[in-house]
Each structure stands twice: as structure tokens, then as C-alpha cells.
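Trainee: I would like a close look at one side chain and its surroundings. Please start there and then work outward.

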Amino acid sequence: MTGHEKAQGPKHKRDLTRRKVLAAGAGAVVAAGVGGTFAAGAFAGEETPAAGAKASGASGETCYKLTSETTEGPYYIDADKLRRDVTEDQDGIPLTLRLKVIDADTCKPLADAAVDIWHCNALGVYSGYEAMGSGGGGGGGGGTPPSGAPTGSPTGAPTGSPPAGGGGHEEPTDDERYLRGTWRTDKKGEVAFRTVFPGWYQGRCVHIHTKVHVNGTWTDAGYEGGTTCHTGQLFFDEASVLAAAEVEPYSTNTTARTTLDEDTIYPGNGTEGGLLKLKYKKGAIARGVVATLTMGVDPEATQDGTGAG
């Protein structure tokens, strides 16, 4: 387990009053398209899972249970790309992520909520933090550990700033924004993203970060105001991860992998804790995966992302 996601330091101040739409980038959309819907929750040209597709994960959410809050981690970047396809030029197994957001008290869908997702690529690298390497290097548990026994004894009181990765937010090191995006829930509380199956990095199992923002306003400039009512992580079962690990470029990722059971962020409570339901063709996961989850949230709450799993 890496310290950077195990415990948060002082809360990183974020300005959620404005979420800008960037004109650059193939994934950018105009404001008029922000509220667009898609037939049956599918992307154009997307095939439904074939007969015999494997389904994994626990079945049946209980709507009155809150989805577990987990730590935000150090690599959140305030949403600056309103888009459903966050893939950009990243290689990996195609992943369609379908989420439904409901009020855990009333079980009613939350329409017009802003949902953020962000995750590492197949080799464990986060956009915005490429200089930190796999999983963020010193700030994310990647990189190469030192060899040999330490020499000498420390003297005096420590000086200077704490080392990177102590649990707080890390400032981006570059302008890349692949595998990050925000989209609006429809009247059924549903939202879908096209991305790739995440990889892994030292100290963490395979996961996707997510946030849900409510009570804001969608404008020509994006999403303004509101509060963050949920900060969580979405998880993948071991069978799917082992299958994905046989496919390039995942098979070239030599970083030691933490299993779902070993991960100290995953709450261990199935779909309530963010465990996705997955569908893919058995023996042919490379063709693509469809992941779904219903998230029960408290729209009156404010979650700052400091909660542990």
C-alpha cells in the first residue's frame, strides 16, 4: 500500500465554481452537446455483449446503501474536459463504463449531476503526472526501489517540505489529460464513458477514481458551482485483471501487482464498495469490456476525498 492514498494530508483547496470546456482536444464538446443522450445507454456503433459473455462481480445493488467513500488520491485534476470518450491515443482493452447515480435515501435517480472519472493507463501512468512514472513514482508507488542497506545515521531535526506522496494533492507536471473526463447524468441518472481497461502500479490494485458533483449549473462554460457529494473508486475482480494481464500492452507491465484482496483502499464489500459488474467474451477480453455500477449517494453531503476505504 502506498502512503499517498492511504492517508490524506491537509485538504487541497479546489475551486469547483467553474469547470472549463477546453476547445483543444478531440474529446472536447460544445456546450449544446453536453446534455446529449444516447440510445439505450450505448455509444454509436457499439456492440452489445455476445452470447456466452462472462459476467463477473456481485449481483444486485440495494438502493438504500451508500456507496463507500474512499480517498481521492493525489492525482485529481479539476475537470477541464467535458467528454464521454476519454481514451485519446491510449492503447488498451476497450472499456465502456456505465454508471447510474441514485439518491441512496429515496432511490430516485440524480439527473444533471456531473460525474468525473480518472485513472492510469495500461502501464500505470497518470496523465498530468508522466514525470513521476508508473503510478507517480515517489508520489504514487512506482519507480525502482533503492537497493542495499541504508548507511549513516540521521542527525538533527528534519527541514524543508515533506517528500512527495505523503497523502496530499500533487500538482500536475505536464499538460496531458488522457483517461480523464466529466459528463452529465441523464434523467435516469445514467452516464457512460468510453475508455480503456486500467493498468496497475506498485501498491494498488486496478481501479478507477470517480467523483459526483450536484446542485451546480450547466452553462456555456461548462459546470459551475455545486458540491461534491461522492468521492470513490471503482474496482475490478481478479479474474478480469488476470485475463487482461495476458493482453498487450498490459503484458509488458513488469510492476508488481497488488491484488484486490491485498489492496487496503478497497472496502471489501462488493458493489457497495465500488466493485464493478463486468461483461466480456470469455477467452477474448481483448475485444472489449462493459462495466456497470449503480452508485448510491447522499446529495446533501459534502465529501472532500479524505475518507479511507
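Which is R83, buried or exposed, and what is its relative accessible area?

Mentor: R83 is buried, because its relative accessible area is 1%. Buried means under 20% relative accessible area, exposed means over 50%, and partly exposed lies in between (1.4 Å probe, protein chains only). Before going on, note that this is a predicted model: local features need pLDDT of at least 70, side-chain atom pairs count only at pLDDT 80 or more, and totals for chains, interfaces and linings use all residues. Residues are numbered from 1 along each chain as its sequence is written, and side-chain values use heavy atoms, with hydrogens and water left out.

Now the contact. The side chain of R83 meets that of E88 in a salt bridge, 2.9 Å from N to O. The term means a side-chain nitrogen of Lys or Arg within 4 Å of a carboxyl oxygen of Asp or Glu. Side chains of opposite charge can pair when their charged atoms come close. E88 has 38% relative accessibility, so it counts as partly exposed. The bridge thus joins buried R83 to partly exposed E88.

The structure holds six salt bridges. One of them pairs K211 with E72, again at 2.9 Å from N to O. K211 sits in strand β7, while E72 is in the loop between β2 (53–56) and β3, 139 residues apart. Both K211 and E72 are buried. Strands here are DSSP runs (E, at least two residues), helices are H or I runs of at least four, and numbering starts from the N terminus.

Another bridge joins R184 and D112, with the closest N and O atoms 2.8 Å apart. R184 belongs to strand β5, D112 to the loop between β3 and β4, and their positions lie 72 residues apart in the count. R184 is partly exposed, because its relative accessible area is 22%. D112 is partly exposed too, at 39% relative accessibility. Its backbone deserves a check: phi of D112 is near 65 degrees, a positive value in a residue other than glycine. C107 lies in the loop between β3 and β4 as well. C107 has a positive phi of about 70 degrees, although it is not a glycine. At 31% relative accessibility, C107 counts as partly exposed.

Step back to the overall fold. The protein has two helices and ten strands. Along the sequence the pattern runs α-β-β-β-β-β-β-β-β-α-β-β. Of the 309 residues, 48% count as buried. One buried residue is I102, at 6% relative accessible area. I102 belongs to strand β3 (residues 94–103). Its C-alpha atom is 5.0 Å from that of G296, which is 194 residues away along the chain.

Next, the rings. Rings of Phe, Tyr and Trp (its six-membered ring) pair if their centres lie within 6.5 Å; planes under 30 degrees apart count as stacked, over 60 as edge-to-face and the rest as tilted. By this rule the count comes to eight aromatic pairs. F197 and F236 have ring centres 4.7 Å apart and planes at 50 degrees, so the pair is tilted. F197 is in the loop between β6 (190–196) and β7 (207–219), and F236 is in the loop between β8 (222–235) and α2 (238–244), 39 residues apart. Both F197 and F236 are buried. The rings of F235 and Y266 have centres 4.9 Å apart and planes at 55 degrees, so this pair is also tilted. F235 is in strand β8 and Y266 in the loop between α2 and β9 (277–281), 31 residues apart. Both F235 and Y266 are buried. Elsewhere, ring pairs link Y75, Y126, Y129 and Y201 into a cluster.

Y201 leads to another loop residue. The C-alpha atoms of Y201 and T254 are 9.2 Å apart in space, with their positions 53 residues apart in sequence. T254 is found in the loop between α2 and β9. T254 is exposed, because its relative accessibility is 78%. P249 lies in the loop between α2 and β9 too. The peptide bond from E248 to P249 is cis, with omega near 5 degrees.
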